[in-house]
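Biologist: I would like a close look at one single part of this model, and then at how that part sits in the rest of the chain. Please give me the cut-offs as you go, since I will want to check the values myself.

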Amino acid sequence: MLIGSSTRGSISMIGFVAAGLLLLLLCSAQADDSGDVQVLTIADYIGDWGYPSPYGHYSRGPGYVRMSLIFDTLVWKDEKGIIPALAESWEMEGDDAYTFKLREDVLWHDGERFAADDVVFTIDYIKEHPYIWVSSDIIKTAEAVDDYTVRISLNQPYAPFLELVAGTLPILPEHIYEGIDDPAEFREDSALVGTGPFQLVDYDQSQGSYLYQAYDDYYLGSPKVAQLKFVKVNLEMSAAALEKGDVNAANVPPEVVEDLKDEGFTVMLSSHDSITKIMVNHKKEPLSDSRFRQALYYAIDRQALVDNAARGYGVLASPGLFAVDNHWYNSDVEPYDFDPAKTEELMEELGYSKVDGYFSMDGSPVKLEMLVTSINERAGELIRQQLEQAGFMISLRTVDSKTLDSMVTEWKFDLALNSHGGMGADPEILKRMTGDGYTFNSARYTENSELNELLDGEVAEIDEQKREDLIDRIQVIHAQELPVLPLYYADTYWAHDGRVEMYYTRQGIANGVPLALKKQIFVS
């Protein structure tokens, strides 16, 4: 049963089906006689994460999750690690090839049968139409051995292949996408034909709301939640919405955690995956000089940011990028403790002197603009004050997150205060966040050849101890070069009423999405 769309970005079913489903939404989550939940409502303080097709969703974690409810991958993850999905088993051949045995009982939402050709088609398709979450560069070939067996050969060994390719790439229906030349603009009903546990019933872009219904022919059994609804709720109102029963799960501010626990809600603290950092346009002077970036970093009191912007709920980010509680954290890096005197020393080495309190060259003060979003305005103002006190003339410009991402991607910025998740993912994240990556969060820093050789080497190293040694060295060099300025990891809390058991996944889902909400919790 598929869904019609309007040009206003809202999708709705036709006739009595829509009326019946929308009537259900007048209630909060209810349980039927079998104990399954009829409607589960999730609060989201952003709201719109894009059209939930593989190429239509906005490229941050919640957008991927919205899509993943509809489209499956070869493998997936639960709380213990990698589990079967469309592939019921797999085998590694040498260091650079995998053979997947596919399930034979999978149907696309339109009733067509899923088979090996769909997997081969998808991999060939992303070579022609790049998918931002998965790089096709590492894949040499994909071939159908038979109707339900696929062999994928790589161009070189790739340690995180199962997590970051097989467990992240949504498989497309060949019979639908084979004629689509612009998948980002593909908004027909058939764009949302997947093999996942849910189908989309309604998407209202202006309201930031989504409604899904369970796909009863799902190969793992009918989901235990009949309807899943996402609604936009201001973060400061999320606890009240939980207490009133308007929603069943939400991100909540740290200050309300103890009260919610006292009222019987389950509250979960995420691992420190979500980093706040300053992106730096190292393509332009004077930001192109690592000593200038170091001078900026010494002038920022990161602990004061945690104490004030994060209200004490967070931990410092290492100059090597990882948090102190991350398995891959290397403590043997330059710490860059707050030291304005060191800032002055470095700026004098670079030929700057202070005129009227500001670092200047030939009488002209250094002027830098920092982009911030409304969520990060408080932190941005504190950073501006700290840098101004040190001698840098800084102006703030508030933009929405999509604009910030776009301006960073196009190098149309000086500094940009950016927060994102995924840093608890497989350490391949270092390559994506530092090298010539394929996401808007990447520093795309190619100036240090040793660093980029190490980034390539660690993802190709299958031996874990050797890989860990490479990752340690990468963090040391990153701290020297500072292509971005890591600030802190905020504590992130998720609360729910227990209707559905939720959990965090080690190293996140897909390519490191640090969310407790995932499709695995809705299926048996």
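The reply below starts at one helix and works outward from there.

Modeller: Happy to. A word on the ground rules: this is a predicted model, in which local features need pLDDT of at least 70 and side-chain atom pairs count only at pLDDT 80 or more, while totals for chains, interfaces and linings use all residues. Residues are numbered from 1 along each chain as its sequence is written, and side-chain values use heavy atoms, with hydrogens and water left out.

Let us take α10, the helix spanning residues 340–349. Helices here are DSSP runs of H or I with at least four residues, strands are runs of E with at least two, and both are numbered from the N terminus. Thr343, Leu346 and Met347 of α10 are buried (buried means under 20% relative accessible area, exposed over 50%, and partly exposed in between, with a 1.4 Å probe and protein chains only). Looking down the axis of α10, you find its buried residues within an arc of 100°, so they line one face of the helix; the arc is that of the directions from the helix axis to the C-beta atoms. Ala341 and Glu348, on the other side of α10, are exposed.

What does the buried face of α10 pack against? Its partners are α8 (290–298) and β18 (358–361), with contact taken as heavy atoms within 4.5 Å. Leu346 also belongs to a nonpolar core of 39 residues, separate from the largest one, and that core includes Val280, Ala295 and Leu368 as well. A nonpolar core here is a set of buried Ala, Val, Leu, Ile, Met, Phe, Trp, Tyr and Cys residues joined through side-chain atoms within 4.5 Å.

After α10 comes glycine 351, with a positive phi near 95°. Further along is an open sheet of three strands in the order β17-β18-β19, with antiparallel pairing. The edges are taken by β17 (353–355) and β19 (364–365), each with a single partner strand, so one side of each has no neighbour in the sheet. In general, strands of a sheet pair through backbone hydrogen bonds, either parallel or antiparallel. Two strands count as paired if DSSP finds at least two bridges between them, and β18 and β19 are joined by two bridges. Serine 360 stands opposite proline 365 in β19.

Now the other packing partner, α8. The loop between β15 (275–280) and α8 contains proline 286. The peptide bond from glutamate 285 to proline 286 is cis, with omega near -5°. If you are going through backbone torsions, two arginines deserve a look as well. Arginine 311, in the loop between α9 (302–308) and β16 (314–316), has a positive phi near 55° although it is not glycine. Arginine 311 is partly exposed, at a relative accessible area of 42%. Arginine 444 has a positive phi too, near 50°, and sits in the loop between α13 (429–434) and α14 (449–460). By contrast, arginine 444 is buried, with 15% relative accessible area.

For the wider setting, turn to the largest nonpolar core, which has 87 residues, with Phe100 and Phe161 making the most contacts inside it. Helix α3 (residues 116–128) gives the largest share of this core, seven residues. Setting aside residues up to four places away in sequence, phenylalanine 161 touches Tyr98, Phe100, Ile138, Ile152, Leu154 and Ala166.

One loop residue worth a glance is tyrosine 158, between β9 (149–154) and α4 (161–166). Tyrosine 158 is buried, at 6% relative accessible area. Beyond its neighbours within four places in sequence, its contacts include Asp95, Tyr98, Ile138, Glu428 and Ile462.

Finally, the whole chain. There are 15 helices and 24 strands, and buried residues make up 57% of the 524 residues. The radius of gyration is 24 Å, which agrees with the value near 24 Å for a compact globule of 524 residues; it is taken over C-alpha atoms, and the globule rule is 2.2 Å times the number of residues to the power 0.38. The C-alpha atoms fill a box of roughly 70 × 55 × 40 Å along the principal axes. Of the contacts with a separation of 6 or more, 69% join residues 24 or more positions apart.
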